[in-house]
Amino acid sequence: MRDHPVSAEQLSQDLLAWYDTHAREMPWRVGPTARASGVRPDPYRIWLSEVMLQQTTVAAVKDYFERFTRRWPRVGDLAAAEDGDVMAEWAGLGYYARARNLLKCARVVAEEFEGVFPDAYEGLIALPGIGPYTAAAISAIAFDRPETVLDGNVERVMARLHDEHEPLPAVKPVLKAHAAHLTPSARPGDYAQAVMDLGATICTPKSPACGICPWRDPCRARVKGTAPELPKKTPKKPKPTRYGFVYLARSAEGDWLLERRPDKGLLGGMLGWPGSEWNDAPTETPPFDADWQDLGAEVRHTFTHFHLILQVRSAELPADFEPRAGQELVRRHDFRPSSLPTVMRKAFDLTRR
DNA sequence: AACACGTGGCA
DNA sequence: TTGCCAAGTGT
């Protein structure tokens, strides 16, 4: 046990020492040992991983990261990709605006910056899809600059370390100040990853492992027993339920009728089945007249802010059908259910029962 | 400031 | 089944 209070310098050193032996290994990460021997992370891989990790678990990201980097090894390769190929590769990961902004950002970096990412926060945050967190993360992790990252992990760790009971998001500036105070000038990149690893493995939302935490002594919430209930959050609004119809049409040759959704809004830029609006009482809006069959089961899916129940209908596409603007006929052998957003893939899955 | 924006895992 | 949660950003 050490006497209180502990200096910011001591705290960051304790955490770095913990990170040196407990750092998680990840496909995009240069661990503390390699970094100490001079290995530098690839800014492209750090940027790609950070965008994928926005509101998304490490477990969900890993396979997507491997596929993206295998297919597009450098930012210039991604910048040259077809929009539809990138959206299809992102399908299932969610928050599709990230993929659209990813491509915009890759093209700015490739065409205006000769493929070189900015190293400073101000340059990074000016790019599409890069906000305060991601700009700080790339600057710190890829370029070892002393920026303060503030994500959900750091918010939780800081709220507990300082026993802040004011709810998010109001308390966020206070947590940011605490985090900034602790950011060291030496090894800021390792430190940024260390705080996030601490939040992800020790200082977890439920049942934090305070007994093995490198900050157990200075942590105010551990002393008071309030750690598991922090950070406080303002209550969320209940999700309404919406309803809709989707129409799965296949030609005699097995081609599927799909639509490219508009860039703005839900599932923007992704392929999906033709369908109705989604609301309290949707109207049937089939893409062509036919004897539409009900598939006998409905799709249930929950988005961030509403539940959705879809009725799924199917019919054979007329031989003389001509796709309208926004529609595409996807050949049987080109069709990959995995290139659809999950809610649309669920509708397709009903055809295979 | 508040809300839109995905998905899967877990208790 | 339901609600919460995960390395946030754009508007």
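What follows is a chat between a student and a tutor about a predicted model of a protein with DNA.

Tutor: Some ground rules: residues are numbered from 1 along each chain as its sequence is written, and chains are lettered from A in the order in which they are written. Since this is a predicted model, local features need pLDDT of at least 70 and side-chain atom pairs pLDDT 80 or more, while totals for chains, interfaces and linings use all residues, and side-chain values use heavy atoms, without hydrogens and water.

Student: Which residues come nearest to DNA strand C?

Tutor: Gly129, Asp151, Asn153, Arg156 and Pro205, out of 25 residues around the strand. A residue is near if one of its heavy atoms lies within 4 Å of the strand. Of the DNA atoms that come that close to the protein, 70% belong to sugar and phosphate.

Student: What makes the pairing of glycine 129 with a phosphate oxygen of DNA strand C a polar contact?

Tutor: A polar contact is a pair of N or O atoms within 3.5 Å (within protein, one must be able to donate a hydrogen and the other to accept it, and residues adjacent in sequence count only if both atoms are side-chain atoms). A polar backbone atom of glycine 129 sits 2.5 Å from that phosphate oxygen, so the pair passes. Glycine 131 also has a backbone N or O atom 2.8 Å from a phosphate oxygen of the strand. Aspartate 151 uses a side-chain N or O atom instead, 2.5 Å from a sugar or linking oxygen.

Student: Which elements give two or more residues to that surface?

Tutor: Helix H9 (132–143) and helix H10 (152–161) do. Helices here are DSSP runs of H or I with at least four residues, strands are E runs of at least two, and both are numbered from the N terminus.

Student: What makes something a cavity rather than a pocket?

Tutor: On a 1 Å grid over the protein atoms alone, a cavity is a set of points where a 1.4 Å probe fits but cannot get out; a pocket is an open set with protein on both sides within 12 Å along at least five of seven lines. Lining residues have an atom within 4 Å of a point. The largest pocket holds about 1500 Å³ of space, and among the lining residues closest to its centre are Leu53 and Asp151. The whole structure has 2 cavities of 30 Å³ or more, and the largest has a volume of about 120 Å³. Closest to the centre of that cavity are Arg160, Cys203, Cys210, Cys213 and Cys219.

Student: Why is the pair of tryptophan 273 and phenylalanine 348 called stacked?

Tutor: Rings of Phe, Tyr and Trp (its six-membered ring) pair if their centres lie within 6.5 Å; planes under 30 degrees apart count as stacked, over 60 as edge-to-face and the rest as tilted. These two are 6.5 Å centre to centre with 15° between the planes, so the pair is stacked. Tryptophan 273 lies in the loop between strand S3 (271–272) and strand S4 (293–302), and phenylalanine 348 in helix H14 (residues 342–349), so the pair ties together parts 75 residues apart in sequence.

Student: What about phenylalanine 303 and phenylalanine 306: how do their planes lie?

Tutor: Their centres are 5.1 Å apart and the planes meet at 35°, so this pair is tilted.

Student: How do you know whether phenylalanine 303 is buried or exposed?

Tutor: Buried means under 20% relative accessible area, exposed over 50%, and partly exposed in between (1.4 Å probe, protein chains only). Phenylalanine 303 has 11%, so it counts as buried. Phenylalanine 306, at 1%, counts as buried too.

Notes: Grid points are joined across faces, edges and corners, and a volume is the space filled by probe spheres set on the points.
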